[in-house]
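Hi,

Here is the structure I promised to pass on. Have a look at it first, and then read my notes below.

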Amino acid sequence: MDRLPRAFYRRDTLAVARDLLGQRLVRVSKGVRVAGRIVEVEAYDGARDSASHAHRGPTERNASMFGPPGHAYIYFIYGMHHCFNVVTEPEGHGAAVLVRSLEPVEGIEGMRARRGGREGRALANGPAKLCYALAIDRTLDGADLVEGEVLWIEREEAVPEERVARGPRVGVRGDEWAVRVPWRFWIEGNPYVSKES
DNA sequence: CTCTCGATGCGCT
DNA sequence: GCGCATCGAGAGA
């Protein structure tokens, strides 16, 4: 299957977020391939977005967000979880798309083992859950999704406009505009989305 | 089903 | 010190 090319990621963050729906996130760990269909994402655009980790400019932690597009930005949160993002826009911009939920497609037994025997939608219906299911952690921060051999995204059929839902992002606090802006995208009615509404 | 709360590391002020 | 782009257990309805 074809991987999404660099040019896919080097676009407006909202367009990348919307177009990531339906695409296949692939992880190869210890020679085993695991994959899921992206069913829920959120856009974070540093320049104008107080909720983005890039809002206050580059630091050691968020360096990947300011690097070239098509790489992973992975951060550690709440002292125990990881979240996976895709870097967007031209290098230096500081924006990314958080992948929030996957519909498991390949290697489901392996996901189940890493998720303590859980099944179905519980395997990857949340940003930290999918990182456990796909064995994603900070060692993959900065990984190249276009040229790399451990993590990438393959082209699938686009989700039609009438199946794309949007709304406010989950877990964002503080600045009122950032709390309300509808930069969360998901596939309408898909049972693997973290939460409806 | 819904709600509350504790866990736990670390970057930022 | 504070607070975080979260999760899962436990309680109650």
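A polar contact here means a pair of N or O atoms within 3.5 Å; within protein, one of the two must be able to donate a hydrogen and the other to accept it, and residues adjacent in sequence count only if both atoms are side-chain atoms. Bear in mind that this is a predicted model, where local features need pLDDT of at least 70, side-chain atom pairs count only at pLDDT 80 or more, and totals for chains, interfaces and linings use all residues. Residues are numbered from 1 along each chain as its sequence is written, chains are lettered from A and ligands numbered from 1 in the order in which they are written, and side-chain values use heavy atoms, with hydrogens and water left out.

Now for DNA strand C. In the side chain of histidine 53, an N or O atom sits 2.9 Å from a phosphate oxygen of the strand. Tyrosine 75 goes for a base instead: a side-chain N or O atom is 2.8 Å from a base nitrogen. Proline 127 uses a polar backbone atom, 3.3 Å from a phosphate oxygen.

Counting a residue as near when one of its heavy atoms lies within 4 Å, there are 18 residues around DNA strand C, and among those that come nearest are His53, Tyr75 and Arg115. Of the strand's atoms within 4 Å of the protein, 60% belong to sugar or phosphate and the rest to bases.

Which element gives the largest share of that surface? H4 does, with three residues; helices (H or I, at least four residues) and strands (E, at least two) are DSSP runs, numbered from the N terminus.

Cheers
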